[in-house]
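The exercises below concern salt bridges in a predicted model. Please work through each task with the structure open before reading its solution.

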Amino acid sequence: MMNIQILYFDTKHAIAVHDWIIENSGGLSGYRELGLLDSALEHIQNDLYYPSFEEKLKHLIYAVNKFHPFSDGNKRSSLTLGAYFLELNGYDYCIKKFVQEMENIVVWLAEGKIKEDLLFEIITSIIEEDDYSESLKLRIFEAVYTSD
């Protein structure tokens, strides 16, 4: 198995991205609990917890989206920081698709309609496939439109 070096960013960079988002798209500036962001950024570097790039990306998006480290813009920040993580690691070929596909996904994640396992499948599909499989499309539809 080939050992691929994954590049990470720190809390300072994540805050800068978030602040840029708020300045350019509106919202309440400030932070609710940066320790949650620190923890997520540290945990994704642990290969025992998150052995693949896709698992690391999934946790980054999930943690920013669900743990609310910022006062506002957590969905937008989860999407943008995910795209930044892709770019930092040379996944340029799928960033546009990632942003387009994940725009609704991060909203549904925040609403509790998309769970972590489905988020992982979606991210893996965006990175590895041209389009979602029919079974993944069905799982997304069922999660979003038939959940309580």
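**Exercise 1.** Determine which parts of the chain the salt bridge between Glu121 and Arg139 ties together, and which network the two residues belong to.

*Solution.* Begin with the contact itself: the side chains of Glu121 and Arg139 form a salt bridge with an N to O distance of 2.0 Å. Next, place each partner: Glu121 belongs to helix H6 (residues 116-128), while Arg139 belongs to helix H7 (residues 134-145), so the pair links parts that are 18 residues apart in sequence. Then look for shared partners, which brings in Asp117, since salt bridges join Asp117, Glu121 and Arg139 into one network. Finally, classify the accessibility: Glu121 has 31% relative accessibility and counts as partly exposed, and Arg139, at 29%, also counts as partly exposed.

**Exercise 2.** Decide whether Lys113 and Glu111 are buried, partly exposed or exposed.

*Solution.* The two side chains meet in a salt bridge, at 3.6 Å from N to O. Partly exposed residues fall between the limits of 20% and 50% relative accessible area. Lys113, with 28%, is therefore partly exposed, and Glu111, with 48%, is likewise partly exposed.

**Exercise 3.** Find the partner of Asp72 in a salt bridge, and state how accessible each of the two residues is.

*Solution.* The partner is Arg76, and the closest N and O atoms of the pair are 4.0 Å apart. Asp72 has a relative accessibility of 28% and counts as partly exposed; for Arg76 the value is 28%, which again counts as partly exposed.

**Exercise 4.** How many salt bridges does the structure hold?

*Solution.* The total is 8 salt bridges, among them the bridge between Glu121 and Arg139.

Note on methods
Residues are numbered from 1 along each chain as its sequence is written. This is a predicted model: local features need pLDDT of at least 70, side-chain atom pairs count only at pLDDT 80 or more; totals for chains, interfaces and linings use all residues. Side-chain values use heavy atoms; hydrogens and water are left out. Buried means under 20% relative accessible area, exposed over 50%, partly exposed in between (1.4 Å probe, protein chains only). Helices (H or I, at least four residues) and strands (E, at least two) are DSSP runs, numbered from the N terminus.
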